[in-house]
Amino acid sequence: LEVLTRVVRHPRHPVQDATHVVISIERAQPLAKDNAQPDVMDISRGGCRLRWQHALEKGEPIVLRVADNSSGLSLELPGTIRWCRSSNDGSYEAGCQFDRELDYEHLGELFIAGFLSTEEIAAS
């Protein structure tokens with residue numbers, strides 16, 4: 001029974017170099033006159049963790065776009081915000097669950113581009 005109640009989580013990989021990658025979020029209710037974009041903290045096949053200056057609402061649909069001009073990689077990852085909490089520095093962290101799992105090919109491209117570390121973040 002324990003096996004049936006355990007939540008299976010995909011390994012999370014921290015972002016190691018986002019200097020050459022363009023990240024943007026599309027929200028159903030865009031913020032007026034604000035072009036600031038979030039930082040992606042880590043990505044798994046099932047979702048990502050974001051840090052942003054704005055709170056995201058639990059249940060809010062978003063589209064995360066990741067583009068790397070040097071490799072030509074362009075991903076559009078629709079998902080749903082599952083949680084959001086404030087940080088000590090005044091920013092917010094949020095967890096997004098992708099509508100579909102990120103396939104291994106695209107995850108591999110994120111490793112090759114140097115965007116993601118192959119190191120795994122321990123489950124908390």
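Analyst: A helix here is a DSSP run of H or I with at least four residues, and a strand is a run of E with at least two; both are numbered from the N terminus. The model itself is predicted. With those terms, the chain has 2 helices and 7 strands. Their order along the sequence is α-β-β-β-β-β-β-β-α.

User: Where does Leu-116 lie, then?

Analyst: Leu-116 is in the segment after α2.

User: Why is Leu-116 called buried?

Analyst: Buried means under 20% relative accessible area. Leu-116 has 1% relative accessibility, so the residue counts as buried.

User: What does Leu-116 touch, leaving out residues up to four places away in sequence?

Analyst: Its contacts are His-13, Pro-14, Val-15, Gln-16, Ile-43, Leu-107, Leu-110 and Phe-111. Asp-17 gives another way to place Leu-116. These two residues are 99 apart along the chain, and 7.0 Å separates their C-alpha atoms.

User: Why is Ala-67 called partly exposed?

Analyst: Partly exposed runs between the 20% and 50% limits. Ala-67 has 22% relative accessibility, so the label is partly exposed. Ala-67 sits in strand β5.

User: Which residues does Ala-67 contact, neighbours within four places set aside?

Analyst: His-20, Val-21, Val-22, Leu-73 and Ser-74. For Leu-110, 43 residues from Ala-67 along the chain, the C-alpha separation is 10.0 Å.

User: Why does Thr-80 count as buried?

Analyst: The limit is under 20%. Thr-80 has 16% relative accessibility, so this residue counts as buried. Thr-80 belongs to strand β6. Beyond four places in sequence, its contacts are Gly-59, Glu-60, Pro-61, Gly-95, Cys-96, Gln-97 and Asp-99.

User: Why is Arg-45 called buried?

Analyst: Apply that limit, under 20%. Arg-45 has a relative accessible area of 14%, so Arg-45 is buried. This arginine is in the loop between β3 and β4.

User: What makes the pair Arg-45 and Tyr-104 a polar contact?

Analyst: The cut-off is 3.5 Å between N or O atoms, with one able to donate a hydrogen and the other to accept it. The side chains of Arg-45 and Tyr-104 make their contact at 3.1 Å. Tyr-104 is also among the residues Arg-45 touches, as are His-10, Phe-98, Arg-100, Glu-101, Leu-102, Asp-103 and Leu-107. Leu-107 is 62 residues from Arg-45 along the chain, with 7.3 Å between the C-alpha atoms.

User: Why is Ser-91 called buried?

Analyst: Its relative accessible area is 10%, so Ser-91 is buried. Ser-91 is placed in the loop between β6 and β7.

User: What makes the link from Ser-91 to Asp-89 a polar contact?

Analyst: The distance must be within 3.5 Å. The side chains of Ser-91 and Asp-89 are joined at 2.6 Å. Farther along the sequence than four places, Ser-91 contacts Arg-51, Trp-52, Arg-85 and Ser-86.

User: Which residues touch the most other members of the largest nonpolar core?

Analyst: That core has 24 residues. Val-40, Ile-43, Cys-48, Leu-50, Leu-64, Leu-110 and Phe-115 touch the most other members. At least two core residues come from each of β2, β3, β4, β5, β6, β7 and α2. β6 gives the most, 4 residues.

User: What surrounds Cys-48, not counting residues up to four places away in sequence?

Analyst: Cys-48 touches Val-40, Asp-42, Ile-43, Leu-64, Ala-94, Gly-95, Cys-96 and Phe-98.

User: Why might nonpolar residues gather in a core?

Analyst: In soluble globular proteins, nonpolar side chains tend to be buried together.

User: How much of this chain is buried?

Analyst: Buried residues are 37% of the 124 in the chain. The exposed surface is about 7900 Å², and carbon and sulfur atoms supply 48% of it. Among contacts with a separation of 6 or more, 61% join residues 24 or more positions apart.

User: Which residues line the second largest pocket?

Analyst: The lining is Leu-75, Glu-76, Leu-77, Pro-78, Asp-99, Arg-100, Glu-101, Leu-102, Asp-103 and His-106. The largest share, 4 residues, comes from β6. The volume of this pocket is about 150 Å³.

User: What is found at the start of α2, and what follows that helix?

Analyst: At the start, a side-chain oxygen of Asp-103 comes within 3.2 Å of the backbone nitrogen of Glu-105. After α2 comes Gly-114, with a positive phi near 85°.

Key: Residues are numbered from 1 along each chain as its sequence is written. This is a predicted model: local features need pLDDT of at least 70, side-chain atom pairs count only at pLDDT 80 or more; totals for chains, interfaces and linings use all residues. Side-chain values use heavy atoms; hydrogens and water are left out. A nonpolar core is a set of buried Ala, Val, Leu, Ile, Met, Phe, Trp, Tyr and Cys residues joined through side-chain atoms within 4.5 Å. Buried means under 20% relative accessible area, exposed over 50%, partly exposed in between (1.4 Å probe, protein chains only). Contact means heavy atoms within 4.5 Å. Accessible areas come from the Shrake-Rupley method with a 1.4 Å probe; for residues, only the protein chains shown count as cover. On a 1 Å grid over the protein atoms alone, a cavity is a set of points where a 1.4 Å probe fits but cannot get out, and a pocket is an open set with protein on both sides within 12 Å along at least five of seven lines; lining residues have an atom within 4 Å of a point. Grid points are joined across faces, edges and corners, and a volume is the space filled by probe spheres set on the points.
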